[in-house]
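This report looks at how a ligand is held by the protein around it. Please keep the structure in view while reading.

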Amino acid sequence: MFANATMNSRIAKNLYHQGWAMQADYFDPLLIGQLAAEATQLYQTNLMTRASIGRGDLLHQNLSIRRDFIHWLNHDSKSQQQYQSLMETLRQSLNESLYLGLFEFEAHYAVFEAGAFYKKHLDSFRGNANRIVSVVVYLNADWPDAGGGELLIYAADGSGVELQRIRPKAGTLVVFLSEEMPHEVNVTHHQRASIAGWFKLNVHR
Ligand code: OGA
Ligand code: MN
């Protein structure tokens, strides 16, 4: 069984106790295959744009920090709608067990070409944005052991202690607190596709 209530409550529990959670096989491989095909299609037809770190910085500064290409989800396809509806169920589950008040959701496809990375960062800065919970799902079937591109999750206390190293394997869902958990994408040796999403509050703090 894929995405179900038991998985969602385990995710909520781990999120509460350790700030992050991981669930293998959260998504049906059939759906993952369709999402992967769509990501590849968008990438190959140049409909993805180079991701930026915002703050109006220069391209070379940006490139030293992240090198992925993105495309925002827009409910266009049946598979996007299925993904969004699973995330809606997760949102409700997290709100019921953790009272997070998660309200909106935004997500983008991301493609990391071979050699690309995303240096250690937070997805949100306390007090100036409204991303509360980050979710990442991987779309590559059969990720090789030596493929690189792992997601590293670090301790929230800034000690730099590595808590977890996650292989970007198809169907795995990673969930973490956007403002608390520093994380990084290791240099990938293969093209790596994912969807990164954020549950947000409906207020700008
Ligand atoms: C991000 C991010 C992690 C990953 O897009 O902000 O940290 O494993 N992605 O792709
Ligand atoms: Mn991130």
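A polar contact is taken here as a pair of N or O atoms within 3.5 Å. In this predicted model, three side chains place such an atom by an oxygen atom of ligand 1, at the distances set out below.

| Side chain | Distance to an oxygen atom of ligand 1 |
|---|---|
| Tyr 138 | 2.6 Å |
| Arg 192 | 2.8 Å |
| His 183 | 2.9 Å |

Taken alone, ligand 1 exposes 290 Å², and the protein buries 98% of that area.

The shell around the ligand includes, besides Tyr 138, His 183 and Arg 192, the residues Tyr 118, His 121, Asp 123 and Trp 198. By class, this shell has seven nonpolar, three polar and two charged residues. Strands β5 (118–121), β6 (131–138), β10 (183–185) and β11 (192–200) each supply at least two residues of the shell, and the largest share, four residues, comes from β11.

Which pocket does ligand 1 take up? The space taken by ligand 1 is the largest pocket, in which about 750 Å³ of space lies. Of the 35 residues that line this pocket, the closest to its centre are Arg 66, Tyr 118, His 121, Asp 123 and Arg 131. Two or more lining residues are given by each of β3 (68–72), β4 (104–112), β5, β6, β10 and β11, and the lining as a whole divides into 19 nonpolar, 10 polar and six charged residues. Tyr 118, His 121 and Asp 123 thus appear both among the residues around ligand 1 and among those closest to the centre of the largest pocket.

Notes:
Residues are numbered from 1 along each chain as its sequence is written. Chains are lettered from A and ligands numbered from 1 in the order in which they are written. This is a predicted model: local features need pLDDT of at least 70, side-chain atom pairs count only at pLDDT 80 or more; totals for chains, interfaces and linings use all residues. Side-chain values use heavy atoms; hydrogens and water are left out. A residue is near a molecule or strand if one of its heavy atoms lies within 4 Å of it. A polar contact is a pair of N or O atoms within 3.5 Å; within protein, one must be able to donate a hydrogen and the other to accept it, and residues adjacent in sequence count only if both atoms are side-chain atoms. Accessible areas come from the Shrake-Rupley method with a 1.4 Å probe; for residues, only the protein chains shown count as cover. On a 1 Å grid over the protein atoms alone, a cavity is a set of points where a 1.4 Å probe fits but cannot get out, and a pocket is an open set with protein on both sides within 12 Å along at least five of seven lines; lining residues have an atom within 4 Å of a point. A molecule sits in a cavity or pocket if more than half of its atoms lie within 2 Å of its grid points. Ala, Val, Leu, Ile, Met, Phe, Trp, Tyr, Cys and Pro count as nonpolar, Asp, Glu, Lys and Arg as charged, and the others, Gly among them, as polar. Grid points are joined across faces, edges and corners, and a volume is the space filled by probe spheres set on the points.
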